[in-house]
Amino acid sequence: MEAIKPLAASTRRPGADADLGGFGGLFDLKAAGFHDPVLVAATDGVGTKLRVAIDAGQHGGVGIDLVAMCVNDLVVQGAQPVMFLDYYATGKLEVAVARDVVAGIAEGCRQAGCALVGGETAEMPGMYHAGDYDLAGFAVGAAERSAILTRDRVTAGDLVLALPSSGVHANGFSLVRRIVERSGLAWDAPAPFDPDRPLAEALLEPTRIYVKSCLAAIAAGGVTAFAHITGGGLIENPPRVYGDDLAMRIDLGAWRLPPMFRWLAATGGVEVWEMLRTFNCGLGMLVVVEAERADAIREALAAAGEAPLTIGRVEPRTGDAVVFDGLSAAWLA
């Protein structure tokens, strides 16, 4: 507790003082400037990416992942993340490891603009092997009632922008681990797709937090939906944000598959459809926008530090919910 109190204090924001030690965390929505708020909640973990972090002894980044997986799911509803809690479970607490993890969580909260208001550290002997731990995160956000993004906002003719990912993020790591095993490479070997970095460090690159850039896009006006590209990739996530009568057409020629994903596909013998279903393939967030507002939203995203790509549009559905132009094995090369 003493080791992580300063980390939590560094995430203070209007509405929360971020003090730890009570039985619950408080947040004052009025003090945060909300007038007619709706609360939005999300919970998630980091999955088997933890196994790589534990085996490689690199723990700080998974804390950022934990926050990202939760707050990116909040902002797609139009909500501003306001507070975060974490659950850290292990067989025997190693304070230095736990502090590294919570330091990453605090960094993620700072990037998202939300307060780390509490959490739970559980020691459960016999439940975990020595050195192992598990993580779960819980985030609460708020949005003015009129600003909530719902599926009925998306219409045919809307354009689809995309924000680049930083790598695999936190989905597909069971397959990643099998591919690395198949390659015969050690975690500390140079990454074939990034020789200046060890393989584990490259694959553990933390998930990007898109909160501030997405909120900037909302403020510009004309955003109709966001799709956070997590488990299910570019096939299963987009249809979650528009009606059953619509489809998203994505041009695979609009961006080049990053080297990390090309290496995973080639080394693992992974077919293009499975790549699109399992990984983000270089795109961590899709932004669906009214066509006439696209230029203004691109400018807002660029001012927020993004490099948005235009990758497709929404159209009436005649078959699949997501249609890919340029779908071939050559895209993986």
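This passage describes the overall dimensions of a predicted protein model and the arrangement of one of its sheets. The model is predicted, with local features requiring pLDDT of at least 70 and side-chain atom pairs pLDDT 80 or more, while totals for chains, interfaces and linings use all residues. Residues are numbered from 1 along each chain as its sequence is written, and side-chain values use heavy atoms, without hydrogens and water.

The protein chain contains eleven helices and twelve strands (DSSP runs numbered from the N terminus; helices are H or I of at least four residues, strands E of at least two). For 333 residues, a compact globule would have a radius of gyration near 20 Å, and the 20 Å of the protein chain agrees with this (taken over C-alpha atoms; the rule is 2.2 Å times the number of residues to the power 0.38). Of the 333 residues, 50% are buried (under 20% relative accessible area, 1.4 Å probe, protein chains only).

Strands S1, S4, S2 and S3 form, in that order, an open sheet with mixed pairing (two strands pair if DSSP finds at least two bridges between them). S1 (37–44) and S3 (115–123) are at the edges with a single partner strand each, so one side of each lacks a neighbour in the sheet. S2 (residues 80–90) pairs with S3 in the parallel sense over eight bridges; tyrosine 88 has threonine 121 in S3 as its bridge partner.

Two helices pack on the sheet. Helix H3 (residues 60–75) touches S1, S2 and S4 (133–144), contact meaning heavy atoms within 4.5 Å. Helix H4 (residues 95–112) touches S2, S3 and S4.

Terms used:
Axes fitted to C-alpha atoms, helices over the stretch in contact; angles between N-to-C directions.
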